[in-house]
Number of protein chains: 6
Amino acid sequence: MERSYNRKNDEARPLEIIPHFTSNPDGSVLIKTGETMVLCTAMIEEKVPPFLRGSASGWVTAEYSMLPGSTDSRSARESARGKIGGRTYEIQRLVGRSLRGVVDMKALGERTVWIDCDVLQADGGTRTASITGAFVALYIALKKLHDNGQIPAIPIIDHMAAISVGAVNGELVLDLDYSEDSGAEVDMNVVMTGQGLLVEVQGTAEGKAFSRQELNAMLDLAQGGIERLIAAQKTVIQGL
Amino acid sequence: MERSYNRKNDEARPLEIIPHFTSNPDGSVLIKTGETMVLCTAMIEEKVPPFLRGSASGWVTAEYSMLPGSTDSRSARESARGKIGGRTYEIQRLVGRSLRGVVDMKALGERTVWIDCDVLQADGGTRTASITGAFVALYIALKKLHDNGQIPAIPIIDHMAAISVGAVNGELVLDLDYSEDSGAEVDMNVVMTGQGLLVEVQGTAEGKAFSRQELNAMLDLAQGGIERLIAAQKTVIQGL
Amino acid sequence: MERSYNRKNDEARPLEIIPHFTSNPDGSVLIKTGETMVLCTAMIEEKVPPFLRGSASGWVTAEYSMLPGSTDSRSARESARGKIGGRTYEIQRLVGRSLRGVVDMKALGERTVWIDCDVLQADGGTRTASITGAFVALYIALKKLHDNGQIPAIPIIDHMAAISVGAVNGELVLDLDYSEDSGAEVDMNVVMTGQGLLVEVQGTAEGKAFSRQELNAMLDLAQGGIERLIAAQKTVIQGL
Amino acid sequence: MERSYNRKNDEARPLEIIPHFTSNPDGSVLIKTGETMVLCTAMIEEKVPPFLRGSASGWVTAEYSMLPGSTDSRSARESARGKIGGRTYEIQRLVGRSLRGVVDMKALGERTVWIDCDVLQADGGTRTASITGAFVALYIALKKLHDNGQIPAIPIIDHMAAISVGAVNGELVLDLDYSEDSGAEVDMNVVMTGQGLLVEVQGTAEGKAFSRQELNAMLDLAQGGIERLIAAQKTVIQGL
Amino acid sequence: MERSYNRKNDEARPLEIIPHFTSNPDGSVLIKTGETMVLCTAMIEEKVPPFLRGSASGWVTAEYSMLPGSTDSRSARESARGKIGGRTYEIQRLVGRSLRGVVDMKALGERTVWIDCDVLQADGGTRTASITGAFVALYIALKKLHDNGQIPAIPIIDHMAAISVGAVNGELVLDLDYSEDSGAEVDMNVVMTGQGLLVEVQGTAEGKAFSRQELNAMLDLAQGGIERLIAAQKTVIQGL
Amino acid sequence: MERSYNRKNDEARPLEIIPHFTSNPDGSVLIKTGETMVLCTAMIEEKVPPFLRGSASGWVTAEYSMLPGSTDSRSARESARGKIGGRTYEIQRLVGRSLRGVVDMKALGERTVWIDCDVLQADGGTRTASITGAFVALYIALKKLHDNGQIPAIPIIDHMAAISVGAVNGELVLDLDYSEDSGAEVDMNVVMTGQGLLVEVQGTAEGKAFSRQELNAMLDLAQGGIERLIAAQKTVIQGL
C-alpha cells in the first residue's frame, strides 16, 4: 500500500495555513491539508443566545458545509434540499464543542463567535482540518478584539488542533485521505490541546471492532500529528 | 455527593428489559435504566437502500426521538418544528453505526432492519439505553426471521451493549443520570462487544480537557458496566 | 362475522387505564383498548398563546403522533418527512377541541395545558382512546395544580370520554378495531360528557351515505359505550 | 339579533353559481353565498395514486386554500410559511371525502379528478360553499369526459351539497356568516345527498355541549337548506 | 402567423379592469388581458418591516401566486410542495420593486402596503398584468387612506403600467400570449411611468442574442402599449 | 465622489481570473473583481432533466450562494433557514439563462453542466462576476469533454461576459462596488456576447425612474467594460 505523498504511516499530509484569505470576517483562514481545502472564518456578534443572556458568559458556535463542487461528483446543496443532513450536524457540533473547550467564556464576555467552515475541496479529514483551521481564525478574531481594547487578554486557554487516525488494511495510519478513509476498518478523530490533553475522541469501528491496545496505539499516532499541527499554528500566529 | 439509588461510582442504575412490549413490530423491547425508559422496536423490510441494491448485502438503520412528555419541561416535537435537530441526528447515527458493527450484512441478505428508539422518559443515558435495548429488539427480529426459515442462522457476530461514563466533580463515575450529566466535566459513551472490543468511543470534554490516564480509567469503568449489561441481555434472550 | 374478543355489536374492547405511567409530566396515563395503546401526558406551562395574553383565561392544546413501530408495517416519522400530515392535524385538533369543551378556562387561569397523545400501538380507535386517556391525564395534572394550592378547585366541568361506532357489513357496531375500521361503510367518532351531552360528533360515509335513523342508532350505541368508559375513568380517578 | 340579509333562522344567504368562470380547467365554478366567494375547479389527470394502480378504480382528491386578501386582515400565505396549517388540512380532507362519497370510482376508471377550492373572499361557510361549488365543477368535468366519449355515463351516484348550521346566542340558525360563526356555541357542517342521506356530519361544541335533541333540530334545519342548494345546482347543470 | 384576436404586431389584447371585485381588502382589482386573469389586492398594515422602524418611511411589498387551476395542466401548489419556486420569487420581487418605484415612501408614513397578485387564469403576460392591475389596487387602497384623513395626499408620484414585448419567428410583437411566449427568441418586460420613464427593463434572449437596435425597437412597441394601458387605468381611477 | 481604486466612471475594478483553483470539478475558476471573490465550478453529469430526455439536447443550470462570512456582518446560511431566498433564486436563474444563451445544446448532447457560483467575499457585482467567471469554468469543462473525445467541438457559440452599470449621485458609472450599489438610483446588469449582442438586460430604478437616453448611455458604458472582460477571458483561455 502506497500512501499519497509517499507518506509513512505516522506522517500527515503537507499543510498550508493562509491567514487573512478574505477580509470581511474578523478572522479568516484558508487551510490546506493535501488536497483538502477549507475556508474557516470567525465573526463576532455582540450578543449571546437566549440561554446565556445576563450570564456574563460568551459563546462559540460553528457551522460546516461542503460546496457542491468540493467533491468528485457533485453534492447537492443542503439549502436546495431544504434541510441539513445528519453528517453536517454531527460535524458542526463537533467543531463547536472542540473550540468551546479552549475558550474562557467568562473572559470573552457576552458575545458570540460564529465559526464557519466551508469546504472548498474535500479529500478526507475535512472535519479535523476545519477544527485546526478554525482555531487560527478564532485566534485572529479574538486578537482583533483584544487589539481594539474590548477585552484585556485573548481568552484562549490552550492551543488545540485535530487529526484523524485509523486502521486501513490492518495497519494503523495517521491523517487518512479519502481513498484510505472510504475503506478503513476503524476511523478515529482526535482533538487535543497543546498540553496533550484530550478535548474530544471519536473512534468508530467500520465493520471490525477494535481492542483497547489498538485504541492506545492510534492515540499515540494522533498525538504526534497534533504536536506538529500545533507547531505550524504557532508559526502562523507569531507571524500575524 | 450522593448518587441516585445510593450507587457507588462504579455502579449502574437498576436495569429492566421487557421483551415483546408491543406486538406489531418484528422485535420490541421496553428498556428501563433507573428513570430512563426507551421503547426500542425492530422492523424488517424486504428491500435495501439504493446504494446496496444488487449487492447481496443487508442494512441496519436507526431513528431516535424523545416524546414531548419525556422530559421535565416539555420538549417541542421535531415534526412540529419541521426538522430534526442536530442532537437527534448525532444520536441516531451512533445507534445505527453501533448495531451495524455486530451484524453480518451478507448473512442478513438484501433486507433492511429499521430500528426505532423512542424515549418515553429521559433521565440521562438515553442514547446508551437505546443501543442496549435495540440490540435485544434486533435480536428478536432476526430470530423471528430465522424461525421462519428465511435465514439459516441469526446473523449477529457478537453481543453488544453501551453505557455512559464521565467525570463529575472530579470523580469518575459510571452510568450518569441527568443531574450528574448536566454538570459533568467529561462525558463519554462506550459501545463494546461481548469480547470486550470497542465498537464506538465518544469522549467529550465539557469545559475541562482530560488526560489519557483518565480516558483509560473511564474505559475500565465502562467495561465493567457493559459486562453486566450483556449478562442481563443474555438472560432475556435465553428466556425468549 | 366474528368480532375480536368475541364481542357483541354493542360491546367495546377490554380497557385498561394505567395512571402515572411516567413521572416527568404533570399527568401521565397509559391507556389500552384491546391492542391499541396510547401514552397520554399533560404538562402545564405558566403562560398562554399570544391571543389570550391578559385575558385571565387558560388554554388546552393537544398534539398526537404515531410511533413508527406502532403499525404493522412501519410508518415513516413525520419529523423525518419534515411535515405533519393531514390525518395527524385532523386528530390533534379534535383531541384539543374535545378537552377544551369540559374545562373552565377562567378557573384554570392564564396557563396552558399541553396534552400529548403518542400511539405506542395502533389497532383502530386511536383518536378516541387518546381523548379518553387524555381526559384522565388532564385531570391528574389539574389535581396536582389544585393540591399545590395554585387553583381553588379542579376546573373540570364534566366527565368526558370518546368512542368510535360504525357500520360494517351492514351492521352497526361499537368500538371498531383496525380490521373492522378499514372496511367500514360508515365511521363515526362520538365525544360525550358525563351528562350525556355531545361535545363532538364526526360521522363519515366511507362509500355509502347513511340515513338519519342510522345516525341515531349509532349514537345510541356510542352513548352506552361512553357511559362504561366514564365509569372506568371514575374508578381510576378515585384511586389516585 | 338581526341576521345579515334580514334572514330568518332557517334561511340561507343569497346564492350564485357561475359555471365556466375560467376556461383552462375541465370544470370551473365561481360560487358566491352572501359575501363568501370560492373558485372551484376540477381537472382530470389520466393516472391514479400508487395505492390504486391496476385497480381499475378512479380517485377524487381536493385541495383548499384562502387567498391572503380573502379575509379582513391579511392571512399569510401557506407557501410563504412553508407548510399547510391544520385547518386547511382538515377542510380539504372533508371536501375530498364528501365528493368521493357520490362518485362511482369503478365507472370513473383509472383517472384522478383534482378539485381545487380557492377562497377569493371569506365570510363564514367557506368549507360548505367549497363542497357545494366543487360538486358542480366536478359534474362539468365528468360531463366533458362523457361528451368526449371517454366514459359511457357520468359516474355520479347522487346530487350532493353542504351547509353549516349552529347555535348562536341560544338559537339554532342556518348558514352562519363570519360574525355569527365566531361567537357560536355549536358549529355543525352537514353534507347530504339528493336522497336526504348523510355523507358527513361534523358537529362541534364551542364552549357548550349539546343534546341529541339539539342535534336533531340542527339536522332538520340543514336538510331544508341543502334541498334548496341542490335545486340551485340542478338549475345550473340543466343550463350547461 | 395569425395572432390571437387578429392582432397586429403592435396591438395588445383586449383589456378589462374591474375595481372592487372583492370587498375585504383596502383595494381590489380583477384585471383581464385576453384570457389572462389576475386578482390584485392591496391591504394596509400599520407597521413596517424591522429595517424601517423609526424611519418615518413606508413600504410596499408584493406576493404572487398561480392557482393550481390557472394553467392548462394543473400546477402543484407551492404550499403543498413546502416552498416557493424561483420563478415566483423572481416575479414577486419585480412587482414589489416596480410599485415602490412610484410611491413616495415618506408621504406614505410608517405603514406597509401588502400587494397580492393571484393568477386565476394564465395565458402569458401574468407578471405585467399583475403590475398593471396592482397599480390600480394600490391606488384604491391609498385613496381610501386619504379619504379617511390618514394622509394629506395620495402618495403616488406617477402613473405606471407594464407590458411584455418580444421577438417571435423573427418579428417583434407586443403583448405575447402563452403560445407566442413559449416559442419566443427574445422576451422582454417593460415597466414605464406616465412620463415615459423606465422603472424596470428585463430583456432575455431565449436562444438568440439581440442587438441594441432590436432592443430599441422593442422599447418603442412597449411604450405605445403602456400609454394605452395607462389611459385605461385613468378611466377606472376617475370612475371610482 | 472618489471611486474605489481611484477609478474613472467608465473604469472597472482590477480583475483576476485564476483557472483550476480546485481540481475535483471539470472546470474551476476563482474570479476576483476588486474585493469581490467568487469560486465558479462546472461539473458535467451524463444525464438531462426529465423534460429533455430523448431530445438529444443538453442543459446548463446554475446555483449561486453566498458564504456566511462573505459579507461584513454574517449572513445566515440558507440551509440553516431551510429555504433559498428570493434574491438567490433571481441570481441563479439569471446565471443559468445567460450561460444557456451561448451554448449549442444539440452539440452538447444529452448531458447537463452544473454551474456553481459560491461567493467567498462580496463587495458588489457578485452576480456579474459569477457570470463572467462561470463562462470560463464552463469553457474549461467543455474543453475537457472535447479533449476526451466525447464531443467533436467545444459547443460554445460566442464569448460572453457580464458587468453592472448604474446611476450614482446623478452620474452614470461602470462596475459598482457595494458602497456605490447600496445608494444607486439605477442599477443595471448587462450580459453581452463577443459580437456585442445582448443576452440579458436588467435595469431597475431604485427610487428614480430613468429615461431611454440614460438607458442607452448605460449600455454604452457596459459595452466598453464587457469588451475588456472578454479580452481577459480570452487570455486565460489561451493559456489553458
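This is a short tour of a predicted model, stop by stop, from one chain to its interfaces and salt bridges.

The model is predicted, so local features need pLDDT of at least 70 and side-chain atom pairs count only at pLDDT 80 or more, while totals for chains, interfaces and linings use all residues. Residues are numbered from 1 along each chain as its sequence is written, chains are lettered from A and ligands numbered from 1 in the order in which they are written, and side-chain values use heavy atoms, with hydrogens and water left out.

**Stop 1: chain A alone**

Select chain A and show it as a cartoon. Its secondary structure comes to 6 helices and 9 strands. These are DSSP runs numbered from the N terminus: helices are H or I with at least four residues, strands are E with at least two. The C-alpha trace spans about 55 × 45 × 35 Å along its principal axes. The radius of gyration of chain A is 18 Å, which agrees with the value near 18 Å for a compact globule of 240 residues. That radius is taken over C-alpha atoms, and the globule rule is 2.2 Å times the number of residues to the power 0.38.

Colour by accessibility next. Of the 240 residues of chain A, 62% count as buried. Buried means under 20% relative accessible area, exposed over 50%, and partly exposed in between (1.4 Å probe, protein chains only). Among the contacts in chain A with a separation of 6 or more, 68% come from residues 24 or more positions apart. Contact means heavy atoms within 4.5 Å.

**Stop 2: a salt bridge inside chain A**

Select A:D26 and A:K144. They form a salt bridge, with the closest N and O atoms 2.7 Å apart. The rule asks for a side-chain nitrogen of Lys or Arg within 4 Å of a carboxyl oxygen of Asp or Glu. A:D26 lies in the loop between strand 1 (15-19) and strand 2 (27-33), and A:K144 in helix 4 (residues 126-147), so the pair ties together parts that are 118 residues apart in sequence. A:D26 is partly exposed at 21% relative accessibility. A:K144 is partly exposed too, at 36%.

**Stop 3: chain A against chain F**

Add chain F. Here 34 residues of chain A are in contact with 34 residues of chain F. The two chains bury about 2,700 Å² between them, 53% of it on carbon and sulfur atoms. Buried area is the accessible area (1.4 Å probe) that two parts lose on being put together, summed over both. On the chain A side, pick A:N24, A:R74 and A:R77: these lose the most area to chain F, together 23% of what that side buries.

Now look at the polar pairs. The rule finds 10 salt bridges across this interface. One of them joins F:R74 and A:D116, with the closest N and O atoms 2.7 Å apart. Strand 5 of chain A gives the most to the side that touches chain F, with 6 residues. The residues of that side divide into 14 nonpolar, 12 polar and 8 charged. Ala, Val, Leu, Ile, Met, Phe, Trp, Tyr, Cys and Pro count as nonpolar, Asp, Glu, Lys and Arg as charged, and the others, Gly among them, as polar.

**Stop 4: chain B against chain C**

Switch to chains B and C. In this pair, 34 residues of chain B are in contact with 34 residues of chain C. The buried area is about 2,700 Å², of which carbon and sulfur atoms give 52%. B:N24, B:R74 and B:R77 lose the most area on the chain B side, together 23% of what that side buries. The rule finds 10 salt bridges here.

Centre on C:R74. It meets B:E63 in a salt bridge (3.0 Å, N to O). C:R74 also forms a salt bridge with B:D116, the closest N and O atoms being 2.7 Å apart. B:D116 lies in strand 5 of chain B and C:R74 in the loop between strand 4 (59-66) and helix 1 (78-81) of chain C, so the pair joins two chains. B:D116 is buried, at 1% relative accessible area.

**Stop 5: back inside chain B**

Select B:D175 and B:R7. Their side chains meet in a salt bridge (3.8 Å, N to O). B:D175 sits in the loop between strand 7 (171-174) and helix 5 (178-181), B:R7 in the segment before strand 1 (15-19), 168 residues apart. B:D175 is buried at 6% relative accessibility. B:R7 is buried, also with 6%.

**Stop 6: chain E and the whole assembly**

Select E:R3, E:R7, E:R13, E:D123, E:D175, E:D177 and E:E180. A network of salt bridges links them. Zoom out: the whole structure holds 115 salt bridges over all chains. Finish with chains that do not touch. The nearest C-alpha atoms of chain B and chain E are 10 Å apart. For chain C and chain F, which do not touch either, that distance is 10 Å.
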